Amino acid sequence: MNVSHGSVHPVEDVPTTDGAVPHPPRVRMKDLPGMPGTTGGLALRLSQLFFSAAALVVMATTSDFPSVTAFCYLVAAAGLQCLWSCSLAIVDVYALLVRRTLQNHRVVCLFTLGDGMTSTLTFAAACASAGITVLIDNDLDSCAHNHCAQFETATAMAFISWFTALPSFLLNFWSLASR
């Protein structure tokens, strides 16, 4: 067997007399842009708030949205997304003002669960509304009697809101899983 033999040079270990831990503490990963308490996280929250509010306002201003359950569901999901994004944007602003990171395990777990639920609800509502909009526009050809442009705009805003909520959820989930 042809194995190389490395030379070993003994190094004296300095004894610790003050009871300190012999291993240094683990190094934490740097905050990524988009994590809670960062400017990227605040930008994601504000964009979620803007697009979900736009979906809510555009859909709620139509007179015949209550006649379709999927559109009512979109209004409810967009309203919930607005409340969640606004409250977390306030928390992000506070964390930025006092220069604290939001890396507490319970806080990250709460953010992850909330982002997961609201993004799932928003995506489901946007998909349901898109299906009804396609039914009204393409299959029934009754856009002349309905507000198809407003329905399509509200659905598009809900999808964009979901596209901005998904990175928040994924970053929080990654942070939670990497602990």
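Me: Before we start, what does contact mean here, and what share of the contacts between residues at least 6 apart in sequence join residues at least 24 apart?
Reply: Contact means heavy atoms within 4.5 Å. Keep in mind that this is a predicted model. Among contacts between residues at least 6 apart in sequence, the share joining residues at least 24 apart is 80%.

Me: Thanks! Which order do the secondary structure elements follow from the N terminus on?
Reply: Start with the tally, which is four helices and zero strands. Reading from the N terminus on, the order is therefore written with helix symbols alone under the DSSP naming of helices and strands. That order is α-α-α-α.

Me: How far apart are the end C-alpha atoms of α3, and how does that fit the expected span?
Reply: Helix α3 has 35 residues, so at 1.5 Å a residue it should span 51 Å. The model agrees with this, as the end C-alpha atoms of α3 are apart by 49 Å.

Me: And which span does α2 have between its end C-alpha atoms?
Reply: Use the same kind of reasoning here: the 29 residues of α2, at 1.5 Å a residue, should span 42 Å. The distance between the end C-alpha atoms agrees, at 42 Å.

Me: Which residue takes a positive phi just after α2, and which one just after α3?
Reply: Just after α2, the residue is Arg99, with a phi of about 55°. Just after α3, phi is about 50°, and the residue is Asp141.

Me: Now let's look inside. Which helix gives the most residues to the largest nonpolar core?
Reply: The largest nonpolar core has 20 residues, and Met59, Phe65, Phe71, Leu74 and Phe151 have the most contacts inside it. Two or more residues come from each of α1 (39-60), α2 (69-97), α3 (105-139) and α4 (148-177). The helix that gives the most, with six residues, is α2.

Me: Which residues does Phe71 touch?
Reply: Phe71 is one of the residues with the most contacts inside the largest core. Leaving out residues up to four places away in sequence, Phe71 touches Met59, Phe65, Ser129, Ile132, Thr133, Ile136 and Phe151.

Me: How many residues are in the second, separate core?
Reply: Trp84, Ala95, Leu102 and Phe111 are among its members. The size of this second core is five residues.

Me: Which residues form the salt bridge, and how far apart are their closest N and O atoms?
Reply: Side chains of opposite charge can pair when their charged atoms come close. The structure holds one salt bridge, formed by Arg45 and Asp115. Arg45 is in helix α1 and Asp115 in helix α3, 70 residues apart. Their closest N and O atoms are apart by 2.7 Å.

Me: Are Arg45 and Asp115 buried or exposed?
Reply: Buried means under 20% relative accessible area. Arg45 has 3% relative accessibility, so Arg45 counts as buried. Asp115 has a relative accessible area of 2%, so Asp115 is also buried.

Me: Why does Ser161 count as buried, and which residues does Ser161 touch?
Reply: Ser161 is found in helix α4. Ser161 counts as buried because its relative accessibility is 1%. Not counting residues up to four places away in sequence, Ser161 touches Gln48, Phe51, Ser52, Gln81 and Thr122.

Me: Last one: how many disulfides are found in the whole structure?
Reply: Two cysteines to look at are Cys72, partly exposed with a relative accessible area of 30%, and Cys127, partly exposed at 34%. A disulfide needs a pair of cysteine sulfur atoms within 2.5 Å. The number found by searching the whole structure is zero.

Definitions and conventions:
Residues numbered from 1 in each chain as written. Heavy atoms only, no water. Core = buried A, V, L, I, M, F, W, Y, C linked by side-chain atoms within 4.5 Å. Buried < 20%, exposed > 50% of the residue type's maximum accessible area, 1.4 Å probe, protein only. Expected span 1.5 Å × (residues − 1). Salt bridge = Lys/Arg side-chain N within 4 Å of Asp/Glu carboxyl O.
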